[in-house]
Amino acid sequence: MNVYEYLKTGESILKVLAANKVDARYVRYLELFEEFKRLEAEGHKKEYIVYYLMQEYDVGRATVYRVISEMDRPMKV
């Protein structure tokens, strides 16, 4: 498949993402956010979770907080 075919396949989803100003590159942080939600559900404190994710995914504190904020942001469909 070429770029056009991939874009055409996900056109509706990509339009919603663009309308909500969601950077598709956040896809690389899906596992990080899933792990955040899991640890949060287990009752761990946010500071501990952030520190753990920083170490586990080799990212900075600001990146973890930015990812959490962006992933939790409601979207208009």
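Buried means under 20% relative accessible area, exposed means over 50%, and partly exposed is anything in between, using a 1.4 Å probe and protein chains only. By that yardstick, Glu-47 is partly exposed, with a relative accessible area of 47%. This is a predicted model, where local features need pLDDT of at least 70 and side-chain atom pairs count only at pLDDT 80 or more, while totals for chains, interfaces and linings use all residues. Residues are numbered from 1 along each chain as its sequence is written, and side-chain values use heavy atoms, with hydrogens and water left out. Here is a quick tour, topic by topic.

**How the helices cross**

- Helices (H or I, at least four residues) and strands (E, at least two) are DSSP runs, numbered from the N terminus.
- Two packed helices are described by the angle between their axes and the distance between the axes.
- Axes here are lines fitted to C-alpha atoms, for helices over the stretch in contact, and angles run from 0 to 180 degrees between N-to-C directions.
- Helix 3 (residues 30-41) and helix 4 (residues 46-57) have axes that come within 10 Å and cross at roughly 150°.
- That makes helix 3 roughly antiparallel to helix 4; the cut-offs are under 35 degrees for roughly parallel, over 145 for roughly antiparallel, 65 to 115 for roughly perpendicular, and oblique for the rest.
- The axes of helix 4 and helix 5 (residues 61-72) come within 9 Å, crossing at roughly 115°.
- Helix 4 and helix 5 are therefore roughly perpendicular to each other.
- Helix 3 passes helix 4 in a right-handed crossing, and the crossing of helix 4 and helix 5 is right-handed too.
- As for handedness, a crossing is left-handed if the near helix is turned anticlockwise from the far one by less than a right angle, and right-handed if clockwise.

**Salt bridges**

- The structure holds eight salt bridges, each being a side-chain nitrogen of Lys or Arg within 4 Å of a carboxyl oxygen of Asp or Glu.
- Glu-47, met at the start, joins Arg-61 in a salt bridge (3.0 Å, N to O).
- This pair links distant parts of the chain, with Glu-47 in helix 4 and Arg-61 in helix 5, 14 residues apart.
- Arg-61 counts as partly exposed, at 37% relative accessibility.
- Over in helix 3, Arg-38 pairs up with Glu-35, and their closest N and O atoms are 3.3 Å apart.
- Both of those residues lie in helix 3, three residues apart, or about one turn of the helix.
- Glu-35 counts as buried at 15% relative accessibility, whereas Arg-38 counts as partly exposed at 40%.
- Lys-37 forms a salt bridge with Glu-40, again with the closest N and O atoms 3.3 Å apart.
- Being three residues apart in helix 3, Lys-37 and Glu-40 are separated by about one helical turn.
- Lys-37 is partly exposed at 34% relative accessible area, and Glu-40 is partly exposed at 38%.
- Lys-8, Glu-11 and Lys-15 are linked in a network of salt bridges.

**Out on the surface**

- Of the nine residues of helix 2, the number buried is zero, so helix 2 lies largely in the open.
- Leu-14 sits in helix 2 (residues 11-19) and is partly exposed, with a relative accessible area of 34%.
- Together with Val-3 and Leu-7, Leu-14 forms a nonpolar patch on the surface, with about 270 Å² of accessible area.
- Patches are made of residues with over 30% relative accessible area and no salt bridge, joining like charges within 9 Å and nonpolar side chains (Val, Leu, Ile, Met, Phe, Trp, Tyr) within 5 Å.
- Accessible areas come from the Shrake-Rupley method with a 1.4 Å probe, and for residues only the protein chains shown count as cover.

**Loops with a positive phi**

- Lys-21 is in the loop between helix 2 and helix 3, and its phi is near 55°, a positive value in a residue other than glycine.
- Lys-21 counts as exposed, at 73% relative accessibility.
- Asp-58 lies in the loop between helix 4 and helix 5, with a positive phi near 50° in a residue other than glycine.
- Asp-58 counts as exposed, at 70% relative accessibility.

**Pairs brought together in space**

- Met-71, found in helix 5, is partly exposed, with a relative accessible area of 24%.
- Met-71 and Tyr-26 are 45 residues apart along the chain, and their C-alpha atoms are separated by 8.5 Å.
- Glu-35 and Ile-49 are 14 residues apart in sequence and 8.8 Å apart in space, C-alpha to C-alpha.
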